[in-house]
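The following report goes through a single protein chain, from its overall make-up to its cores, its aromatic contacts and a few backbone details. Please keep the sequence and the coordinates at hand while reading.

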Amino acid sequence: NWETSDERNTQYAAEKRTVDEILGHLASGVPTLWTSLRSAALYGPGDFHKETQPFLWDIANKARVGNGVTLEGDGNHLRNYLHISDFCQIVDRVAQYRIPGLWNCPGESITYKEFAEIALLNFSNPTPINFSEPGAAPNDLVPHFDTSLYSKIDFYPSRGFADLFD
C-alpha cells in the first residue's frame, strides 16, 4: 500500500495527500466531479525515463554501451512502474467515463535484476550483472494492487519493460 511505504514521508507525497484531502473536502456535498490518480513510477520511450527514473536509465545505458551493471544487494527488491502510454490511456478513460474519486494506478512489478536482464538481452550484451553486499538491499516499494479502477474503465495496463526498448 502506498500509504504505508517509505515514500509517504516525502515532500511530494505530503503535498499530494494535502491536495487530495482539500479536493475531497470541497467536493463533499457539492455536485462536483473530482478525480485524483496516483500512478506507479512512470517510465516511457526516448529520454522520458532519463529524468523520471534515472536509476533505470543508468542500467539501460550501461547495458547499451557494454559497461557492467552493479545492483545493490541481490537485486531482487521490487519496484512498480507504469508506462506513460498506459497512464495516458487511464487518464483518457477516467475522463471519458467521468470516474470520480481517489485511485491508485499500479503497473508492472519488477525487480532491478529482472530489468537489468531485459536490458542486457535487448542489447545482446553478455555483460554480467554484479551485486553489492546482500545487506545493502533497499526495501520493496510496491503499491496496493487494487485494480477496481481498471475494471470500471475496461482497461488494464499492458505495456511492459520490453516495450521500452522497441
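Is Tyr43 buried or exposed? In this predicted model, Tyr43 is buried, because its relative accessible area of 0% lies under the 20% cut-off.

**Overall make-up**

The secondary structure consists of six helices and seven strands, and these follow one another along the sequence in the pattern α-β-β-α-α-β-β-α-β-β-α-β-α. Of the 166 residues in the chain, 36% are buried, and the accessible surface amounts to about 9,400 Å², with 52% of it belonging to carbon and sulfur atoms. When contacts between residues at least 6 apart in sequence are considered, 83% of them join residues at least 24 apart.

**Aromatic pairs**

The chain holds three aromatic pairs. One of them is formed by Tyr43 and Tyr81, whose ring centres are 6.4 Å apart and whose planes stand at 85°, so the pair is edge-to-face, the angle being over 60 degrees. This pair connects distant parts of the chain, since Tyr43 belongs to strand S2 (residues 41-43) and Tyr81 to strand S4 (residues 78-83), with their positions 38 residues apart in the numbering. Like its partner, which has a relative accessible area of 0%, Tyr81 is buried, with a value of 4%.

**Helix H5 and the largest core**

Which residues of helix H5 are buried? In this helix, which spans residues 112-122, they are Tyr112, Phe115, Ala116, Ala119 and Leu120. These residues lie on the same side of H5, because they cover an arc of only 130° around the axis. The spacing agrees with a general property of such helices: an α-helix has 3.6 residues a turn, so residues three or four places apart point the same way. The elements that cover the buried residues of H5 include helix H3 (54-65), strand S3 (69-71), S4, strand S6 (108-111) and strand S7 (129-131).

The largest nonpolar core comprises 16 residues, and those with the most contacts inside it are Leu56, Ile59, Leu71, Tyr81, Phe115, Ala116 and Phe161. H3, S3 and H5 are the elements that give two or more residues to this core, and H5 gives the most, with five residues. Apart from this core lies another one, of 14 residues, which has Leu42, Leu82, Ile90 and Val94 among its members. Back in H5, Ala116 touches Ile59, Val69, Leu71 and Ile129 when residues up to four places away in sequence are not counted.

**Leu149 in helix H6**

Leu149, a residue of helix H6, is buried, with a relative accessible area of 1%. With which residues is Leu149 in contact, leaving aside its neighbours within four places in sequence? The contacts are with Leu37, Ile90, Val94, Ile99, Trp103 and Cys105. For Trp103, which is 46 residues away from Leu149 along the chain, the separation of the two C-alpha atoms is 6.8 Å.

**Cysteines**

How many disulfides does the chain have? The count is zero, with a cut-off of 2.5 Å between cysteine sulfur atoms. Two of the cysteines may be described by their accessibility: Cys88 counts as partly exposed at 45%, whereas Cys105, which is also in contact with Leu149, counts as buried at 0%.

**Positive phi values**

Two residues other than glycine, Arg98 and Asp154, are set out below with their phi, location and relative accessibility.

| Residue | Phi | Location | Relative accessibility |
|---|---|---|---|
| Arg98 | near 50° | loop between helix H4 (84-97) and strand S5 (101-105) | 55% |
| Asp154 | near 50° | segment after helix H6 (148-153) | 60% |

Arg98 counts as exposed, because its relative accessibility of 55% is over the 50% cut-off, and Asp154, at 60%, counts as exposed by that cut-off too. A positive phi is also found at Ser124, just after H5, where the value is about 50°.

Definitions and conventions:
Residues numbered from 1 in each chain as written. Predicted model: local features only at pLDDT ≥ 70, side-chain atom pairs only at ≥ 80, totals over all residues. Heavy atoms only, no water. Phe/Tyr/Trp six-rings, centres within 6.5 Å; stacked < 30°, edge-to-face > 60°. Helix = DSSP H or I, 4+ residues; strand = E, 2+ residues; numbered from the N terminus. Buried < 20%, exposed > 50% of the residue type's maximum accessible area, 1.4 Å probe, protein only. Arc of directions from axis to C-beta. Contact = heavy atoms within 4.5 Å. Areas by Shrake-Rupley, 256 points an atom, 1.4 Å probe, with all protein chains shown as cover. Core = buried A, V, L, I, M, F, W, Y, C linked by side-chain atoms within 4.5 Å.
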